[in-house]
Amino acid sequence: MALKLSEKGQHEVTRILARYPEEQSAMMPLLHLIQEDKGFISITDQLELAKLLRVPPMKVRGVVEFYTMFRGEKCGKYLIQVCHTLSCAILGAHTVVDVIRQKLGIDIGGTTKDGMFTLMKVECLGSCGTAPVMQINDDYYENLTEEKIIEILDSLK
Amino acid sequence: MAVKFEPVLTKFIDNPDQVKIDTYIRNGGYKAAEKALKSMKPEDLVKMVKDSNLRGRGGAGFPTGLKWSFVPKGTDKPVYLAVNADESEPGTFKDRLLMEKDPHQLLEGIIITAHAIGAETAYIYIRGEFFHPAKILDEAIKEAYDKKYLGKNIFGTSNNLDVYVHRGAGAYICGEETSLLNSIEGKRAYPRVKPPFPAVQGLFDCPTIINNVETLCCVTHIVNKGVNWFTSIGTEKSKGPKLFAVSGHVKKPGIYELPMSITLRDLIYDVCGGMLDEKRKLKAIIPGGSSSPVLSADTIGTQMCYDALQKHKSMLGSAGVIVMDDSVCMVDAAINLTRFYCHESCGQCTPCREGGNWLLKILESIEEGTAKPDDIDLLLNACWQVEGKTVCPFGEAMVWPIQAFVARFRDEFEEHIKYKRCPIDKDRSIRR
(Lines give C-alpha, C1' and ligand atoms only; values in the text may rest on other atoms or scores of the structure.)
Protein backbone atom coordinates (compact mmCIF):
# COMPACT_ATOMS: atom_id res chain seq x y z
CA MET A 1 0.00 0.00 0.00
CA ALA A 2 1.48 3.32 -1.02
CA LEU A 3 0.88 6.77 0.42
CA LYS A 4 -2.71 7.60 -0.43
CA LEU A 5 -3.42 11.21 -1.28
CA SER A 6 -5.98 13.13 -3.27
CA GLU A 7 -5.26 13.39 -7.00
CA LYS A 8 -3.92 16.93 -6.57
CA GLY A 9 -1.74 15.78 -3.68
CA GLN A 10 -0.35 12.87 -5.69
CA HIS A 11 0.67 15.24 -8.45
CA GLU A 12 2.42 17.48 -5.92
CA VAL A 13 4.56 14.59 -4.61
CA THR A 14 6.48 14.32 -7.89
CA ARG A 15 6.97 18.07 -8.06
CA ILE A 16 8.26 18.23 -4.51
CA LEU A 17 10.71 15.34 -4.93
CA ALA A 18 12.23 17.07 -7.97
CA ARG A 19 13.29 20.07 -5.89
CA TYR A 20 15.98 18.28 -3.93
CA PRO A 21 19.08 16.23 -4.75
CA GLU A 22 18.30 13.90 -1.85
CA GLU A 23 14.93 12.24 -1.23
CA GLN A 24 14.87 12.81 2.53
CA SER A 25 14.73 16.58 1.92
CA ALA A 26 11.19 16.15 0.66
CA MET A 27 10.20 15.07 4.19
CA MET A 28 8.80 18.38 5.50
CA PRO A 29 6.99 19.47 2.33
CA LEU A 30 5.42 16.02 2.09
CA LEU A 31 4.39 16.05 5.75
CA HIS A 32 2.76 19.46 5.15
CA LEU A 33 1.03 17.98 2.11
CA ILE A 34 -0.31 14.97 4.03
CA GLN A 35 -1.55 17.20 6.84
CA GLU A 36 -3.27 19.58 4.41
CA ASP A 37 -4.87 16.61 2.69
CA LYS A 38 -6.02 14.67 5.75
CA GLY A 39 -5.93 17.08 8.69
CA PHE A 40 -3.28 15.10 10.57
CA ILE A 41 -0.43 12.66 9.97
CA SER A 42 -1.35 9.09 10.94
CA ILE A 43 1.13 6.38 11.88
CA THR A 44 0.18 4.54 8.68
CA ASP A 45 1.03 7.59 6.58
CA GLN A 46 4.29 8.02 8.46
CA LEU A 47 5.25 4.43 7.60
CA GLU A 48 4.29 4.92 3.97
CA LEU A 49 6.24 8.16 3.77
CA ALA A 50 9.30 6.38 5.18
CA LYS A 51 9.05 3.83 2.36
CA LEU A 52 8.62 6.54 -0.26
CA LEU A 53 11.68 8.45 0.99
CA ARG A 54 13.62 5.25 1.65
CA VAL A 55 14.44 6.16 5.26
CA PRO A 56 13.82 4.21 8.49
CA PRO A 57 10.33 4.94 9.93
CA MET A 58 11.90 6.51 13.03
CA LYS A 59 13.35 9.30 10.87
CA VAL A 60 9.82 10.32 9.91
CA ARG A 61 8.50 9.91 13.45
CA GLY A 62 11.41 11.97 14.75
CA VAL A 63 10.58 14.84 12.44
CA VAL A 64 6.83 14.74 13.13
CA GLU A 65 7.51 14.90 16.88
CA PHE A 66 10.15 17.64 16.62
CA TYR A 67 8.12 20.28 14.80
CA THR A 68 5.11 21.68 16.67
CA MET A 69 3.04 22.29 13.54
CA PHE A 70 2.88 18.61 12.61
CA ARG A 71 -0.02 16.80 14.27
CA GLY A 72 -0.32 13.08 14.92
CA GLU A 73 -3.99 13.49 15.84
CA LYS A 74 -7.07 15.21 14.47
CA CYS A 75 -8.04 18.62 15.82
CA GLY A 76 -11.09 20.82 15.34
CA LYS A 77 -12.09 22.16 11.93
CA TYR A 78 -10.68 25.51 13.09
CA LEU A 79 -7.41 25.43 15.03
CA ILE A 80 -7.13 28.64 17.06
CA GLN A 81 -3.58 29.47 18.13
CA VAL A 82 -3.19 32.46 20.42
CA CYS A 83 0.29 33.97 20.70
CA HIS A 84 1.34 34.58 24.30
CA THR A 85 4.97 35.66 23.96
CA LEU A 86 6.12 39.03 25.34
CA SER A 87 4.73 41.67 22.93
CA CYS A 88 1.34 39.93 22.81
CA ALA A 89 1.45 39.17 26.54
CA ILE A 90 1.88 42.81 27.55
CA LEU A 91 -0.93 43.87 25.24
CA GLY A 92 -3.53 41.45 26.55
CA ALA A 93 -2.97 37.94 25.18
CA HIS A 94 -4.56 36.60 28.37
CA THR A 95 -7.77 38.53 27.63
CA VAL A 96 -7.85 37.01 24.15
CA VAL A 97 -7.59 33.53 25.65
CA ASP A 98 -10.26 34.32 28.29
CA VAL A 99 -12.72 35.63 25.71
CA ILE A 100 -12.31 32.56 23.50
CA ARG A 101 -12.52 30.19 26.46
CA GLN A 102 -15.75 31.76 27.61
CA LYS A 103 -17.29 32.00 24.18
CA LEU A 104 -16.51 28.42 23.19
CA GLY A 105 -16.60 26.77 26.62
CA ILE A 106 -13.27 25.00 26.14
CA ASP A 107 -9.91 25.16 27.86
CA ILE A 108 -6.40 25.33 26.36
CA GLY A 109 -5.84 22.17 24.33
CA GLY A 110 -9.56 21.43 24.23
CA THR A 111 -11.89 20.92 21.27
CA THR A 112 -15.58 21.91 21.20
CA LYS A 113 -18.02 18.99 21.28
CA ASP A 114 -19.14 19.65 17.72
CA GLY A 115 -15.53 19.30 16.54
CA MET A 116 -15.46 22.85 15.20
CA PHE A 117 -12.81 24.58 17.32
CA THR A 118 -9.55 23.62 19.05
CA LEU A 119 -7.84 26.22 21.26
CA MET A 120 -4.07 26.42 21.78
CA LYS A 121 -1.63 28.91 23.29
CA VAL A 122 1.50 29.19 21.14
CA GLU A 123 4.83 30.99 21.18
CA CYS A 124 5.66 34.04 19.05
CA LEU A 125 3.87 34.15 15.69
CA GLY A 126 6.15 36.90 14.38
CA SER A 127 3.47 39.56 14.21
CA CYS A 128 4.42 41.58 17.31
CA GLY A 129 3.62 45.00 15.81
CA THR A 130 -0.06 44.09 15.56
CA ALA A 131 -0.36 42.43 18.98
CA PRO A 132 -2.35 40.72 20.30
CA VAL A 133 -2.46 38.15 17.54
CA MET A 134 -3.98 34.76 16.86
CA GLN A 135 -3.79 32.35 13.98
CA ILE A 136 -6.80 30.34 12.85
CA ASN A 137 -5.76 27.61 10.41
CA ASP A 138 -3.65 29.48 7.81
CA ASP A 139 -4.84 33.00 8.60
CA TYR A 140 -3.51 35.63 11.00
CA TYR A 141 -5.94 37.83 12.96
CA GLU A 142 -4.24 40.93 14.31
CA ASN A 143 -4.87 43.89 16.66
CA LEU A 144 -7.47 41.80 18.46
CA THR A 145 -10.14 43.31 20.67
CA GLU A 146 -12.92 41.54 22.54
CA GLU A 147 -15.52 42.58 19.94
CA LYS A 148 -13.28 41.56 17.07
CA ILE A 149 -12.69 38.09 18.51
CA ILE A 150 -16.43 37.46 18.97
CA GLU A 151 -17.07 38.69 15.42
CA ILE A 152 -14.37 36.41 14.00
CA LEU A 153 -15.61 33.35 15.87
CA ASP A 154 -19.22 34.03 14.84
CA SER A 155 -18.16 34.23 11.19
CA LEU A 156 -16.60 30.76 11.25
CA LYS A 157 -19.14 28.10 10.54
CA MET B 1 7.46 63.26 12.47
CA ALA B 2 10.73 65.18 12.72
CA VAL B 3 12.89 62.22 11.71
CA LYS B 4 13.04 62.11 7.93
CA PHE B 5 14.43 59.32 5.81
CA GLU B 6 13.69 58.34 2.23
CA PRO B 7 12.85 54.61 2.41
CA VAL B 8 14.48 52.28 -0.08
CA LEU B 9 13.69 48.72 1.02
CA THR B 10 10.11 49.68 1.83
CA LYS B 11 9.62 52.34 -0.84
CA PHE B 12 6.81 50.51 -2.64
CA ILE B 13 5.21 48.52 0.16
CA ASP B 14 2.03 50.59 0.12
CA ASN B 15 1.41 49.72 -3.52
CA PRO B 16 -0.62 46.49 -3.61
CA ASP B 17 0.47 45.89 -7.22
CA GLN B 18 4.16 45.76 -6.26
CA VAL B 19 3.88 41.97 -5.80
CA LYS B 20 3.36 41.67 -9.58
CA ILE B 21 6.50 41.38 -11.66
CA ASP B 22 5.41 43.96 -14.26
CA THR B 23 4.86 46.61 -11.61
CA TYR B 24 8.15 45.71 -9.98
CA ILE B 25 9.95 46.10 -13.33
CA ARG B 26 8.15 49.37 -14.05
CA ASN B 27 9.46 50.65 -10.73
CA GLY B 28 13.03 49.92 -11.77
CA GLY B 29 13.15 46.27 -10.73
CA TYR B 30 15.52 43.57 -12.06
CA LYS B 31 17.89 46.20 -13.50
CA ALA B 32 20.42 45.42 -10.78
CA ALA B 33 20.26 41.68 -11.46
CA GLU B 34 20.68 42.20 -15.19
CA LYS B 35 23.63 44.54 -14.62
CA ALA B 36 25.27 42.15 -12.14
CA LEU B 37 24.91 39.07 -14.33
CA LYS B 38 25.84 40.75 -17.62
CA SER B 39 28.65 43.03 -16.57
CA MET B 40 30.01 42.01 -13.17
CA LYS B 41 32.25 39.12 -12.22
CA PRO B 42 31.44 37.23 -9.01
CA GLU B 43 34.60 38.59 -7.38
CA ASP B 44 33.56 42.16 -8.28
CA LEU B 45 30.27 41.61 -6.49
CA VAL B 46 31.94 40.14 -3.41
CA LYS B 47 34.29 43.13 -3.32
CA MET B 48 31.42 45.56 -3.78
CA VAL B 49 29.43 44.10 -0.89
CA LYS B 50 32.58 43.94 1.27
CA ASP B 51 33.26 47.62 0.51
CA SER B 52 29.66 48.52 1.37
CA ASN B 53 30.17 47.20 4.93
CA LEU B 54 26.78 45.48 4.73
CA ARG B 55 26.31 43.41 7.86
CA GLY B 56 23.85 40.51 8.11
CA ARG B 57 20.39 41.72 9.09
CA GLY B 58 19.28 38.48 10.71
CA GLY B 59 20.77 39.19 14.12
CA ALA B 60 24.45 38.33 14.24
CA GLY B 61 25.57 41.30 12.13
CA PHE B 62 28.32 39.34 10.36
CA PRO B 63 29.83 41.15 7.34
CA THR B 64 28.00 39.76 4.31
CA GLY B 65 30.78 40.15 1.73
CA LEU B 66 33.26 38.42 4.03
CA LYS B 67 30.83 35.53 4.50
CA TRP B 68 30.48 35.16 0.72
CA SER B 69 34.26 35.09 0.31
CA PHE B 70 34.49 31.93 2.47
CA VAL B 71 33.12 29.74 -0.35
CA PRO B 72 36.17 27.72 -1.47
CA LYS B 73 37.52 29.00 -4.81
CA GLY B 74 37.20 26.56 -7.69
CA THR B 75 35.15 24.03 -5.71
CA ASP B 76 33.87 21.13 -7.83
CA LYS B 77 30.81 20.70 -5.62
CA PRO B 78 27.52 22.53 -6.23
CA VAL B 79 27.15 25.70 -4.12
CA TYR B 80 23.84 26.47 -2.42
CA LEU B 81 22.19 29.65 -1.23
CA ALA B 82 19.81 29.27 1.71
CA VAL B 83 17.62 32.25 2.49
CA ASN B 84 16.80 32.59 6.14
CA ALA B 85 13.16 33.65 6.29
CA ASP B 86 12.45 31.81 9.53
CA GLU B 87 11.80 35.07 11.43
CA SER B 88 10.91 33.59 14.81
CA GLU B 89 12.74 35.81 17.29
CA PRO B 90 10.12 37.42 19.53
CA GLY B 91 9.87 41.12 18.68
CA THR B 92 10.99 40.59 15.08
CA PHE B 93 8.47 40.93 12.25
CA LYS B 94 10.21 42.74 9.39
CA ASP B 95 10.94 40.00 6.83
CA ARG B 96 7.30 39.04 6.52
CA LEU B 97 6.57 42.56 5.25
CA LEU B 98 9.37 42.38 2.66
CA MET B 99 8.14 39.00 1.39
CA GLU B 100 4.45 39.84 1.39
CA LYS B 101 4.67 43.27 -0.17
CA ASP B 102 7.73 43.19 -2.41
CA PRO B 103 8.72 39.56 -3.10
CA HIS B 104 10.60 40.37 -6.31
CA GLN B 105 12.99 42.66 -4.43
CA LEU B 106 14.06 39.54 -2.50
CA LEU B 107 14.22 37.38 -5.64
CA GLU B 108 16.43 39.97 -7.32
CA GLY B 109 18.77 39.91 -4.32
CA ILE B 110 18.83 36.13 -4.53
CA ILE B 111 19.73 36.19 -8.25
CA ILE B 112 22.61 38.62 -7.64
CA THR B 113 23.90 36.74 -4.58
CA ALA B 114 23.71 33.37 -6.35
CA HIS B 115 25.90 34.84 -9.11
CA ALA B 116 28.37 36.18 -6.54
CA ILE B 117 28.80 32.83 -4.78
CA GLY B 118 28.34 30.57 -7.80
CA ALA B 119 25.07 28.95 -6.68
CA GLU B 120 22.60 27.39 -9.10
CA THR B 121 20.04 26.46 -6.45
CA ALA B 122 18.53 28.58 -3.70
CA TYR B 123 16.09 27.51 -1.00
CA ILE B 124 13.99 30.09 0.80
CA TYR B 125 13.45 28.65 4.28
CA ILE B 126 10.29 30.35 5.54
CA ARG B 127 8.66 29.70 8.90
CA GLY B 128 5.70 27.34 8.62
CA GLU B 129 3.17 29.76 10.07
CA PHE B 130 3.83 32.20 7.19
CA PHE B 131 1.49 30.33 4.87
CA HIS B 132 0.37 33.39 2.90
CA PRO B 133 3.84 34.94 2.42
CA ALA B 134 4.98 31.51 1.15
CA LYS B 135 2.15 31.53 -1.40
CA ILE B 136 3.08 35.06 -2.51
CA LEU B 137 6.72 33.97 -2.94
CA ASP B 138 5.66 30.90 -4.94
CA GLU B 139 3.64 33.11 -7.26
CA ALA B 140 6.52 35.59 -7.64
CA ILE B 141 8.95 32.74 -8.42
CA LYS B 142 6.56 31.48 -11.11
CA GLU B 143 6.42 34.95 -12.67
CA ALA B 144 10.21 35.20 -12.63
CA TYR B 145 10.56 31.82 -14.39
CA ASP B 146 8.07 32.96 -17.04
CA LYS B 147 10.21 36.05 -17.72
CA LYS B 148 13.33 33.85 -17.81
CA TYR B 149 14.83 35.63 -14.82
CA LEU B 150 15.05 32.20 -13.22
CA GLY B 151 15.77 28.82 -14.79
CA LYS B 152 18.36 28.23 -17.50
CA ASN B 153 20.50 30.96 -19.10
CA ILE B 154 18.91 33.77 -17.18
CA PHE B 155 19.13 37.24 -18.76
CA GLY B 156 20.69 35.48 -21.75
CA THR B 157 23.85 34.68 -19.79
CA SER B 158 25.33 31.28 -18.97
CA ASN B 159 23.89 31.53 -15.43
CA ASN B 160 21.32 29.01 -14.26
CA LEU B 161 19.30 29.39 -11.09
CA ASP B 162 16.43 27.48 -9.50
CA VAL B 163 14.67 28.92 -6.46
CA TYR B 164 12.38 26.89 -4.18
CA VAL B 165 10.36 27.75 -1.09
CA HIS B 166 10.88 25.35 1.81
CA ARG B 167 8.41 25.75 4.66
CA GLY B 168 9.39 25.19 8.27
CA ALA B 169 6.96 23.78 10.80
CA GLY B 170 7.08 25.80 14.00
CA ALA B 171 10.59 25.44 15.40
CA TYR B 172 12.41 28.65 16.47
CA ILE B 173 15.78 26.89 16.36
CA CYS B 174 15.58 26.72 12.54
CA GLY B 175 16.66 30.37 12.47
CA GLU B 176 20.09 29.10 13.56
CA GLU B 177 21.84 28.51 10.26
CA THR B 178 23.04 24.94 10.67
CA SER B 179 19.75 23.68 12.08
CA LEU B 180 18.06 25.41 9.15
CA LEU B 181 20.21 23.26 6.86
CA ASN B 182 19.29 20.08 8.74
CA SER B 183 15.66 21.08 8.43
CA ILE B 184 15.98 21.44 4.64
CA GLU B 185 17.61 18.00 4.60
CA GLY B 186 14.44 16.58 6.19
CA LYS B 187 15.88 16.02 9.65
CA ARG B 188 15.19 17.13 13.20
CA ALA B 189 16.59 20.65 13.37
CA TYR B 190 19.58 20.08 15.61
CA PRO B 191 22.35 22.66 15.19
CA ARG B 192 25.64 21.28 13.87
CA VAL B 193 29.04 21.63 15.48
CA LYS B 194 31.16 24.31 13.75
CA PRO B 195 33.66 24.01 12.12
CA PRO B 196 33.17 22.95 9.41
CA PHE B 197 31.34 26.17 8.61
CA PRO B 198 28.45 26.03 6.13
CA ALA B 199 30.37 28.09 3.56
CA VAL B 200 32.69 25.09 3.25
CA GLN B 201 30.43 22.18 4.18
CA GLY B 202 26.76 23.05 4.45
CA LEU B 203 23.66 21.78 2.71
CA PHE B 204 24.13 18.21 1.41
CA ASP B 205 27.79 18.59 2.52
CA CYS B 206 28.30 21.28 -0.15
CA PRO B 207 29.40 24.91 0.25
CA THR B 208 26.38 26.93 1.39
CA ILE B 209 25.77 30.58 2.15
CA ILE B 210 22.90 31.47 4.45
CA ASN B 211 21.63 35.05 4.28
CA ASN B 212 18.66 36.80 5.85
CA VAL B 213 15.82 38.22 3.73
CA GLU B 214 16.57 41.88 4.53
CA THR B 215 20.29 41.35 3.84
CA LEU B 216 19.54 40.07 0.35
CA CYS B 217 17.13 42.94 -0.31
CA CYS B 218 19.97 45.35 0.59
CA VAL B 219 22.25 43.67 -1.97
CA THR B 220 19.87 44.63 -4.79
CA HIS B 221 20.11 48.30 -3.87
CA ILE B 222 23.88 48.27 -3.38
CA VAL B 223 24.25 47.08 -6.98
CA ASN B 224 21.73 49.66 -8.15
CA LYS B 225 22.88 52.70 -6.23
CA GLY B 226 26.50 51.90 -5.49
CA VAL B 227 28.76 51.51 -2.50
CA ASN B 228 29.03 55.24 -1.81
CA TRP B 229 25.28 55.61 -1.48
CA PHE B 230 25.12 52.72 1.00
CA THR B 231 28.04 53.89 3.12
CA SER B 232 26.68 57.44 3.24
CA ILE B 233 23.82 56.19 5.43
CA GLY B 234 24.18 55.42 9.13
CA THR B 235 27.11 55.51 11.53
CA GLU B 236 30.77 54.61 11.15
CA LYS B 237 30.32 50.86 11.50
CA SER B 238 26.60 50.49 10.86
CA LYS B 239 25.93 51.31 7.23
CA GLY B 240 22.84 51.34 5.07
CA PRO B 241 19.11 51.49 5.68
CA LYS B 242 17.69 49.25 8.41
CA LEU B 243 14.21 48.05 9.23
CA PHE B 244 13.21 48.59 12.84
CA ALA B 245 10.26 46.53 14.03
CA VAL B 246 8.76 48.22 17.07
CA SER B 247 6.17 46.57 19.30
CA GLY B 248 4.79 46.89 22.81
CA HIS B 249 3.64 50.00 24.64
CA VAL B 250 3.99 52.66 21.92
CA LYS B 251 1.25 54.60 20.11
CA LYS B 252 2.31 53.54 16.63
CA PRO B 253 3.97 50.15 16.60
CA GLY B 254 5.16 48.94 13.21
CA ILE B 255 8.06 48.60 10.81
CA TYR B 256 10.16 51.68 10.10
CA GLU B 257 13.07 51.98 7.69
CA LEU B 258 15.71 54.28 9.16
CA PRO B 259 19.45 54.85 9.35
CA MET B 260 21.09 53.22 12.37
CA SER B 261 22.17 56.65 13.61
CA ILE B 262 18.67 57.15 15.03
CA THR B 263 18.45 57.29 18.81
CA LEU B 264 16.16 55.09 20.80
CA ARG B 265 14.50 58.28 22.10
CA ASP B 266 13.63 59.48 18.58
CA LEU B 267 12.46 56.01 17.61
CA ILE B 268 10.04 55.77 20.53
CA TYR B 269 8.89 59.36 21.03
CA ASP B 270 9.04 60.69 17.48
CA VAL B 271 8.72 57.85 14.99
CA CYS B 272 6.39 55.71 17.11
CA GLY B 273 4.42 58.61 18.60
CA GLY B 274 5.44 58.08 22.24
CA MET B 275 4.08 55.83 24.95
CA LEU B 276 0.75 54.10 24.39
CA ASP B 277 -0.58 55.29 27.74
CA GLU B 278 0.88 58.72 28.35
CA LYS B 279 0.26 58.46 32.09
CA ARG B 280 2.66 55.54 32.22
CA LYS B 281 6.43 55.81 32.28
CA LEU B 282 8.87 54.08 29.94
CA LYS B 283 10.48 51.29 31.95
CA ALA B 284 12.40 48.87 29.75
CA ILE B 285 13.36 48.35 26.12
CA ILE B 286 14.52 45.19 24.39
CA PRO B 287 16.43 46.66 21.43
CA GLY B 288 17.12 43.77 19.07
CA GLY B 289 14.77 40.83 19.46
CA SER B 290 14.12 38.85 22.63
CA SER B 291 17.65 37.51 23.01
CA SER B 292 19.23 40.95 23.13
CA PRO B 293 19.82 42.16 26.71
CA VAL B 294 17.11 44.52 28.00
CA LEU B 295 17.88 48.24 28.49
CA SER B 296 16.47 50.55 31.16
CA ALA B 297 14.77 53.86 30.35
CA ASP B 298 17.87 55.93 31.20
CA THR B 299 19.70 54.61 28.13
CA ILE B 300 17.32 55.97 25.49
CA GLY B 301 19.95 58.45 24.30
CA THR B 302 21.79 55.55 22.62
CA GLN B 303 21.99 55.28 18.86
CA MET B 304 20.43 52.12 17.43
CA CYS B 305 23.64 50.88 15.85
CA TYR B 306 25.90 47.86 16.42
CA ASP B 307 28.64 49.70 18.38
CA ALA B 308 26.54 51.95 20.57
CA LEU B 309 24.32 49.13 21.74
CA GLN B 310 27.34 46.98 22.43
CA LYS B 311 28.65 49.74 24.69
CA HIS B 312 25.42 49.40 26.65
CA LYS B 313 26.11 45.65 26.93
CA SER B 314 23.28 44.87 24.54
CA MET B 315 23.05 44.38 20.78
CA LEU B 316 21.20 45.49 17.68
CA GLY B 317 20.36 41.88 16.82
CA SER B 318 17.40 41.81 14.45
CA ALA B 319 16.34 45.37 15.45
CA GLY B 320 13.09 44.05 16.86
CA VAL B 321 12.37 46.64 19.55
CA ILE B 322 10.00 45.73 22.39
CA VAL B 323 8.95 48.73 24.49
CA MET B 324 7.58 48.20 28.01
CA ASP B 325 5.98 50.74 30.33
CA ASP B 326 5.90 50.60 34.13
CA SER B 327 2.89 48.31 34.21
CA VAL B 328 5.17 45.40 33.36
CA CYS B 329 6.83 43.40 36.12
CA MET B 330 10.41 42.66 35.09
CA VAL B 331 10.34 39.22 36.69
CA ASP B 332 7.20 38.42 34.71
CA ALA B 333 8.85 39.59 31.49
CA ALA B 334 11.89 37.41 32.23
CA ILE B 335 9.58 34.44 32.95
CA ASN B 336 7.71 35.00 29.69
CA LEU B 337 10.90 34.94 27.62
CA THR B 338 12.45 32.07 29.56
CA ARG B 339 9.29 30.03 29.00
CA PHE B 340 9.67 30.77 25.29
CA TYR B 341 13.28 29.55 25.26
CA CYS B 342 12.44 26.45 27.32
CA HIS B 343 9.73 25.57 24.84
CA GLU B 344 11.99 26.16 21.86
CA SER B 345 15.16 24.43 23.10
CA CYS B 346 15.89 21.70 20.57
CA GLY B 347 16.96 19.36 23.35
CA GLN B 348 20.30 18.41 21.88
CA CYS B 349 22.59 19.87 24.59
CA THR B 350 22.00 19.09 28.25
CA PRO B 351 22.83 22.55 29.70
CA CYS B 352 20.19 24.20 27.52
CA ARG B 353 17.53 21.48 27.71
CA GLU B 354 17.75 21.07 31.50
CA GLY B 355 19.02 24.52 32.41
CA GLY B 356 16.00 26.26 30.94
CA ASN B 357 13.61 24.50 33.27
CA TRP B 358 15.76 25.31 36.30
CA LEU B 359 15.92 28.96 35.32
CA LEU B 360 12.16 29.04 34.89
CA LYS B 361 11.58 27.40 38.30
CA ILE B 362 13.81 29.90 40.10
CA LEU B 363 12.21 32.87 38.30
CA GLU B 364 8.73 31.60 39.14
CA SER B 365 9.61 31.21 42.79
CA ILE B 366 10.82 34.84 42.83
CA GLU B 367 7.58 36.00 41.21
CA GLU B 368 5.44 33.96 43.59
CA GLY B 369 7.29 35.25 46.64
CA THR B 370 8.68 31.91 47.77
CA ALA B 371 12.33 32.57 46.83
CA LYS B 372 15.14 33.01 49.36
CA PRO B 373 17.49 36.05 49.26
CA ASP B 374 20.37 34.10 47.72
CA ASP B 375 18.17 32.70 44.94
CA ILE B 376 19.12 35.63 42.70
CA ASP B 377 22.71 34.45 42.85
CA LEU B 378 21.53 30.90 42.25
CA LEU B 379 19.71 32.17 39.15
CA LEU B 380 22.85 33.87 37.85
CA ASN B 381 24.89 30.77 38.59
CA ALA B 382 22.44 28.64 36.61
CA CYS B 383 22.76 31.14 33.72
CA TRP B 384 26.50 30.70 33.84
CA GLN B 385 26.07 26.91 33.68
CA VAL B 386 24.33 27.32 30.31
CA GLU B 387 26.27 30.22 28.75
CA GLY B 388 28.95 29.10 26.31
CA LYS B 389 28.32 25.43 27.02
CA THR B 390 26.07 24.54 24.10
CA VAL B 391 26.61 23.64 20.44
CA CYS B 392 24.84 26.76 19.17
CA PRO B 393 24.23 30.30 20.53
CA PHE B 394 20.72 29.37 21.74
CA GLY B 395 22.15 28.90 25.24
CA GLU B 396 23.29 32.52 25.28
CA ALA B 397 20.00 33.67 23.75
CA MET B 398 18.25 32.07 26.72
CA VAL B 399 20.44 33.44 29.52
CA TRP B 400 21.47 36.90 28.28
CA PRO B 401 17.96 38.32 28.74
CA ILE B 402 17.78 36.93 32.31
CA GLN B 403 21.23 38.28 33.21
CA ALA B 404 20.25 41.70 31.85
CA PHE B 405 16.87 41.79 33.63
CA VAL B 406 18.69 41.08 36.91
CA ALA B 407 21.55 43.50 36.20
CA ARG B 408 19.28 46.42 35.33
CA PHE B 409 16.33 45.74 37.62
CA ARG B 410 17.91 43.96 40.58
CA ASP B 411 15.98 46.13 43.06
CA GLU B 412 12.72 44.83 41.67
CA PHE B 413 13.87 41.21 41.93
CA GLU B 414 14.97 41.83 45.54
CA GLU B 415 11.68 43.53 46.37
CA HIS B 416 9.80 40.40 45.30
CA ILE B 417 11.88 38.33 47.69
CA LYS B 418 11.81 40.81 50.57
CA TYR B 419 8.04 41.34 50.60
CA LYS B 420 7.26 37.80 49.38
CA ARG B 421 5.01 39.08 46.60
CA CYS B 422 5.04 40.89 43.26
CA PRO B 423 4.98 44.67 43.76
CA ILE B 424 3.24 45.32 40.41
CA ASP B 425 -0.55 45.47 40.00
CA LYS B 426 -1.32 42.13 38.32
CA ASP B 427 -4.43 43.29 36.53
CA ARG B 428 -2.32 45.58 34.42
CA SER B 429 0.69 43.34 33.98
CA ILE B 430 1.27 40.01 32.25
CA ARG B 431 -0.97 37.26 33.53
CA ARG B 432 0.36 33.77 33.11
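Helices here are DSSP runs of H or I at least four residues long, numbered from the N terminus. Keep in mind that this is a predicted model.

**Exercise 1.** Work out which residues of helix 3 (residues 42-52) of chain B are buried, and where they sit around the axis.

*Solution.* Start with the cut-off: buried takes 20 or more other C-beta atoms within 10 Å of a residue's own. In helix 3 of chain B, B:Leu45, B:Val46, B:Met48, B:Val49 and B:Ser52 are buried. They span an arc of only 160° around the axis, so they lie on the same side of helix 3 of chain B. The spacing fits a general rule: an α-helix has 3.6 residues a turn, so residues three or four places apart point the same way. Now flip the helix over: the face turned away from the buried side carries the exposed B:Glu43 and B:Asp44. As for partners, the buried residues pack against several helices of chain B, including helix 2 (31-39) and helix 6 (103-117). Last, look just past the helix: B:Asn53 follows, with a positive phi near 60°.

**Exercise 2.** Find the edge strands of the four-stranded open sheet in chain A.

*Solution.* First get the order, which is 2-1-3-4, with mixed pairing. Strand 2 (117-122) and strand 4 (139-141) of chain A each have a single partner strand, so one side of each has no neighbour in the sheet. On average, neighbouring strands are turned by 25° against each other, ignoring direction.

**Exercise 3.** Trace the chain from strand 2 to strand 3 of chain B.

*Solution.* These strands, residues 119-126 and 162-167, pair in parallel over six bridges. B:Tyr123 sits opposite B:Tyr164 of strand 3. The path between the strands goes through helix 7 (residues 131-146) of chain B, making a right-handed β-α-β crossover.

Methods
Residues numbered from 1 in each chain as written. Chains lettered and ligands numbered in written order. Predicted model: local features only at pLDDT ≥ 70, side-chain atom pairs only at ≥ 80, totals over all residues. Pairing = 2+ DSSP bridges. Helix = DSSP H or I, 4+ residues; strand = E, 2+ residues; numbered from the N terminus. Axes fitted to C-alpha atoms, helices over the stretch in contact; angles between N-to-C directions. Right-handed = clockwise from strand over helix to strand, strands pointing away. Buried ≥ 20, exposed ≤ 12 C-beta atoms within 10 Å, placed from the backbone. Arc of directions from axis to C-beta. Contact = placed C-beta atoms within 7 Å.
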